[in-house]
Amino acid sequence: MTQPTGIGGRPIAPAPGAPTPELRVARFRRHARALVWPALILIVVAGMCGYLFGNLPAPLQNWMLLAAGALVVFLLVFLPYLAWLSHTYTITTRRVIERAGVFATRRRELSHVRGYTIEVRRGPVQRLWGAGTLTLSNGMDEPMRLTNVPSVDLVHEVLVDQVEVSQILAHRDAQTIVPPAPSA
């Protein structure tokens, strides 16, 4: 489903006083480079189990090897993947939402209308991968830190646009509409 666009590809602004629907602009997770080590560990464990299966010394049995391999895969591959998968950031036309947690979820929101400063920090490894860390601070609440954001420059631009549009619409809606004087 696409939105009707106006000049410059931006959506057409709703009429003054009309409710604006909340639309999802972007949803993303942390950069997938966090999964490089778990992927390498999975390859090594699979190779070791395949090589050692049937070639173990006398007191050890094959089921012990498979149990140890399964434990390593669960702790060092599956749990980090689950942690990465359960942490999402969502940008809508009204707010930024951070969700984290598998069983007990934590959710934080920051409204565009209130306005906030955006700080971009990129380390050498983050520059190599095109990622970065965004810190959103409105001066009252604890800053929201979006870590290892892929395509950080694009996300920064989207956030600046959403704050600008939200504040323009809020200012416009706050103005009183004066009806025209009847002509005699």
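## Positive patch, nonpolar core and two positive-phi residues

Strand E1 (residues 24–29) contributes most to the positive patch, with 3 residues. Strands are DSSP runs of E with at least two residues, helices are runs of H or I with at least four, and both are numbered from the N terminus. This is a predicted model: local features need pLDDT of at least 70, side-chain atom pairs count only at pLDDT 80 or more, and totals for chains, interfaces and linings use all residues. Residue numbers start from 1 along each chain as its sequence is written, and side-chain values use heavy atoms, with hydrogens and water left out.

Arg24, Arg27, Arg29 and Arg99 form the patch. Patch residues have over 30% relative accessible area and no salt bridge, with like charges joined within 9 Å. A salt bridge puts a side-chain nitrogen of Lys or Arg within 4 Å of a carboxyl oxygen of Asp or Glu. Arg27 lies in strand E1. Arg27 counts as exposed because its relative accessibility is 53%. The classes are buried under 20%, exposed over 50% and partly exposed in between (1.4 Å probe, protein chains only).

The largest nonpolar core has 15 residues. Such a core joins buried Ala, Val, Leu, Ile, Met, Phe, Trp, Tyr and Cys residues through side-chain atoms within 4.5 Å. Elements giving two or more residues are strands E2 (88–92), E6 (131–137) and E7 (144–150), and helix H4 (152–174). H4 supplies the largest share, 4 residues.

Two non-glycine residues with positive phi follow.

| Residue | Phi | Location | Relative accessible area |
|---|---|---|---|
| Asn148 | near 50° | strand E7 | 22%, partly exposed |
| Ser151 | about 50° | loop between E7 and H4 | 43%, partly exposed |

Conventions:
Patches are made of residues with over 30% relative accessible area and no salt bridge: like charges are joined within 9 Å, nonpolar side chains (Val, Leu, Ile, Met, Phe, Trp, Tyr) within 5 Å. Accessible areas come from the Shrake-Rupley method with a 1.4 Å probe; for residues, only the protein chains shown count as cover. Lys and Arg count as positive and Asp and Glu as negative; His and the chain ends are not counted. The place of a charge is taken as NZ of Lys, CZ of Arg, CG of Asp or CD of Glu.
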